[in-house]
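Thank you all for coming; I would like to walk you through one structure this morning, going from the contact between its chains to a few individual elements. Please have a look at it on the screen before I begin.

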There are 2 protein chains.
Amino acid sequence: MPDDLAPGQLLARGVCRHLLTHDFVSVVELVPTPGLRVDVMALGPKGEIWIVECKSSRADFTSDRKWQGYLEWCDRFFWAVDDAFPVELLPDDSGLIIADSYDAEILRMAPEAKLAGARRKVMMQKFARHAALRLQALRDPRLPPGIQDA
Amino acid sequence: MPDDLAPGQLLARGVCRHLLTHDFVSVVELVPTPGLRVDVMALGPKGEIWIVECKSSRADFTSDRKWQGYLEWCDRFFWAVDDAFPVELLPDDSGLIIADSYDAEILRMAPEAKLAGARRKVMMQKFARHAALRLQALRDPRLPPGIQDA
């Protein structure tokens, strides 16, 4: 992963590393439904689905008018910010992760609002296809034209 | 993907490329249950799960005493072989794919034996975690020690 990533992507890297120590695997920039793109979607050992939105600055947070739309696509929702972020801005009924580009720490566990079975099934499949497609694109750059963008 | 792959892995590459043209994403070397490792597991747009075993030679096929154990982990089961392989050796109630390292073609569709819901759910989750973990390992080589082998 190159180090010319945007600040939010650097936080995402630290978040993904940390989540793995909790046995959660992650993908970045998954689209649960047209018009929404989540920074990090993580899948736990029991099929738990978490979303983490990474905010690199106050402006990055205040300009996000879509975040409540993420809640219905996960069992738990977290913010990830760096240690200079004014955390009092964040709604305190969400989870809170303090991150840098190397690691992260869960400061406040998000409340659980379990997905219904049918939606969990759809999200699991989206997660699986997202991860496998990007893995294939990295392993085999000579895929048929257009497939990489699917 | 380096070209110093084993013959079976080269076939798997062609198979994965071809399956993508049918909108099936693939992973390689997934372990559905301890002691079994499938060459290619593919996930279709409707959640279909296919297994493809890649055999590079007669000896490679005849030494495989485990293949019937794969049937219970997929909706359809295929063999993939190159165009020099004696296909009359293969059971004709399985699917047949002719492949090389660049592409492949489904010659005979496998019969469908649909997974039960609970097993499909487990396999979808295994597929998702397998793909995401390997994607993370490729994108971020500085993962916590030991995690790459999970």
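Let me start with one pair of side chains, those of Arg129(B) and Asp23(A), which meet in a salt bridge with a distance of 2.6 Å from N to O. Please keep in mind throughout that this is a predicted model, and that the values I quote are computed from it. Asp23(A) sits just after helix α1 of chain A, and there it takes a positive phi of about 70 degrees.

The counterpart with the chain letters exchanged is also found, since Asp23(B) forms a salt bridge with Arg129(A), the closest N and O atoms again being 2.6 Å apart. That pair crosses between chains, running from Asp23(B) in the loop between α1 and β1 of chain B to Arg129(A) in helix α3, residues 117-139, of chain A. As for exposure, Asp23(B) has a relative accessibility of 36% and therefore counts as partly exposed, whereas Arg129(A), at 17%, counts as buried.

How many salt bridges are there between chain B and chain A? The count is four, while the structure as a whole holds 14 over all chains. Another that I would point out joins Asp140(B) to Arg17(A), with the closest N and O atoms 2.6 Å apart. This one leads from Asp140(B), in the segment after α3 of chain B, to Arg17(A), in helix α1 of chain A. Asp140(B) counts as buried, at 6% relative accessibility, and Arg17(A), likewise at 6%, counts as buried too.

Turning to the interface in general, the contact takes 37 residues from chain B and 37 residues from chain A. Between them the two chains bury about 3,300 Å², and 64% of that lies on carbon and sulfur atoms. Across this interface there are 14 residue pairs in polar contact, both residues being at pLDDT 80 or more. On the side of chain B that touches chain A, the elements that give two or more residues are α1, β1 and α3 of chain B, and the largest share, 13 residues, comes from α3(B).

Now to the helix that carries Arg17(A). Helix α1 of chain A covers residues 7-21, and because its 15 residues at 1.5 Å a residue should span 21 Å, the 22 Å between its end C-alpha atoms agrees with expectation. Of those 15 residues, 11 are buried, so the helix is largely enclosed by the rest of the structure; among the buried ones are Gly8(A), Leu11(A), Cys16(A) and His18(A).

In chain B, His18(B) has its place in helix α1, residues 7-21, and at 9% relative accessibility it counts as buried. Which residues is His18(B) in contact with, leaving aside its neighbours within four places in sequence? They are Asp103(B), Ala104(B), Glu105(B) and Ile106(B).

Strand β1 of chain B, residues 25-30, has five of its six residues buried, so this strand too is largely enclosed by the rest of the structure. Its partner is strand β2 of chain B, residues 38-43, with which it pairs in the antiparallel sense over five bridges, and within that pairing Val25(B) stands opposite Leu43(B).

Finally, within chain B, Lys55(B) forms a salt bridge with Asp60(B), the closest N and O atoms being 4.0 Å apart. Lys55(B) counts as buried at 5% relative accessibility, while Asp60(B) is partly exposed, at 23%. In chain A, salt bridges that share partners join Lys55(A), Asp60(A) and Asp64(A) into one network.

Terms used
Residues numbered from 1 in each chain as written. Chains lettered and ligands numbered in written order. Heavy atoms only, no water. Buried < 20%, exposed > 50% of the residue type's maximum accessible area, 1.4 Å probe, protein only. Helix = DSSP H or I, 4+ residues; strand = E, 2+ residues; numbered from the N terminus. Pairing = 2+ DSSP bridges. Expected span 1.5 Å × (residues − 1). Contact = heavy atoms within 4.5 Å. Buried area = accessible area lost by both parts, 1.4 Å probe. Polar contact = N/O pair within 3.5 Å; in protein donor to acceptor, adjacent residues only side chain to side chain.
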